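Biologist: I want to learn how to read a protein surface that faces DNA. Can you take me through one case?

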Number of protein chains: 2
Amino acid sequence: MTSKAEVARTWTVGELADELGVTTRTLRFYEAEGLITPQRAGANRIYSQRDHARMRLIQRGRRFGMTLGECREIVDMYDGAESSEQRQLQTLLARLDEIATDLRARQADLRRTLGEVTDVAAQCRARLTELGD
Amino acid sequence: MTSKAEVARTWTVGELADELGVTTRTLRFYEAEGLITPQRAGANRIYSQRDHARMRLIQRGRRFGMTLGECREIVDMYDGAESSEQRQLQTLLARLDEIATDLRARQADLRRTLGEVTDVAAQCRARLTELGD
DNA sequence: GTCGTGCTTGACGTTTACGTCAACGTAAGG
DNA sequence: CCTTACGTTGACGTAAACGTCAAGCACGAC
């Protein structure tokens, strides 16, 4: 998909760490855990756009409280979706449906939570105007 | 708010742990961390409906990846919303607005994630029907 | 040449959120 | 009286997700 006009962008550890708001330690740790697999230029790591994209997915997963293992499972799915065989596609699809169900449950949970928070805030405001007079 | 007809329900550690799907260790740990403060009957802990409610809130927070410290901050707010003074109410309200903003951001994030997951699932289904013929 | 900057690989430390004993009390049942 | 079930505190263990050195290489600037 990369045209010959646009050179594929790459990052060093420090650059990618800065851009993502993580430390280089984190990037190396994720690599050791098999979440990302940067190329090498000699000894130095070279991160591709694919690594970058995977990192964004991982970060989002982490914000939702997923473990690194769960994150890996998900990012790996994005890769496996095109090339697999029938059996693999079916198990993958089943897992995706599970995840979607879970996400919808979280949405409902979030809605409730947000509702409660705004309720409490409303109570606060009521008390404040009451006191304000 | 408890009428004389309905006796306030209470729980022992084991009962509450079973009902919430946690271990007794978790309940004692949360108490040590100041998240819940059950009464005592002699040496034994007696958990009230208030403790029960706080636990539900804590569990929900945990599902969203909050730390116990963040959970405590939130459950404490629910208590502070009624009785505080003007200054406290204002800082509380400001904090609540921050939280609400964060929750809305999470909602958007979740929507995106769910969209992507269903997209990948759609790709899988497409590949499957393609292979199925 | 050496200084600073950035990269490398270990190796050990740390925080969070509990799990897992151990040793003991106590109330109910047979 | 003895066992079983449930409770108590205290101490130590542990998995996850990094943080924090240490020691060294490589390279451009001065």
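Modeller: We will take the two DNA strands in turn. Keep in mind that this is a predicted model.

Biologist: Which residues come nearest to DNA strand C?

Modeller: Begin with the list of neighbours. There are 16 residues around DNA strand C. R40(A), R45(A), T23(B), Y30(B) and L68(B) come nearest.

Biologist: Which part of DNA strand C lies within 4 Å of the protein, sugar or phosphate, or bases?

Modeller: Count the atoms of the strand. Within 4 Å of the protein, 72% of the atoms of DNA strand C belong to sugar or phosphate. The rest belong to bases.

Biologist: Which protein atoms lie by a phosphate oxygen of DNA strand C?

Modeller: Separate backbone from side chain. G14(A) places a backbone N or O atom 3.2 Å from a phosphate oxygen of DNA strand C. L68(B) also uses a backbone N or O atom, at 2.9 Å from a phosphate oxygen. T23(B) uses its side chain: an N or O atom there is 2.6 Å from a phosphate oxygen of the strand.

Biologist: Which elements supply at least two residues each to the surface near DNA strand C?

Modeller: Map the residues onto helices and strands. In chain A, α1 (13–20) and β2 (44–46) each supply at least two, as does α2 (24–32) of chain B. α2(B) gives the most, with four residues.

Biologist: How do the residues of that surface near DNA strand C divide by type?

Modeller: Sort them into classes. Near DNA strand C there are five nonpolar, six polar and five charged residues.

Biologist: Now DNA strand D. Which residues come nearest there?

Modeller: Repeat the steps. Of the 16 residues around DNA strand D, T23(A), Y30(A), L68(A), T12(B) and R45(B) come nearest. Sugar and phosphate make up 73% of the atoms of DNA strand D within 4 Å of the protein.

Biologist: Which side chains have a polar atom by a phosphate oxygen of DNA strand D?

Modeller: Go chain by chain. In chain A, Y30(A) has a polar side-chain atom 2.6 Å from a phosphate oxygen of DNA strand D. For R62(A), a side-chain N or O atom is 3.2 Å from a phosphate oxygen of the strand. In chain B, the side chain of T12(B) has an N or O atom 3.0 Å from a phosphate oxygen.

Biologist: And which elements give two or more residues to the surface near DNA strand D?

Modeller: Here they are α2 (24–32) of chain A, with α1 (13–20) and β2 (44–46) of chain B. α2(A) has the largest share, four residues. By type, the surface near DNA strand D divides into five nonpolar, six polar and five charged residues.

How values were computed: Residues numbered from 1 in each chain as written. Chains lettered and ligands numbered in written order. Predicted model: local features only at pLDDT ≥ 70, side-chain atom pairs only at ≥ 80, totals over all residues. Heavy atoms only, no water. Near = heavy atom within 4 Å. Polar contact = N/O pair within 3.5 Å; in protein donor to acceptor, adjacent residues only side chain to side chain. Nonpolar A, V, L, I, M, F, W, Y, C, P; charged D, E, K, R; others polar.
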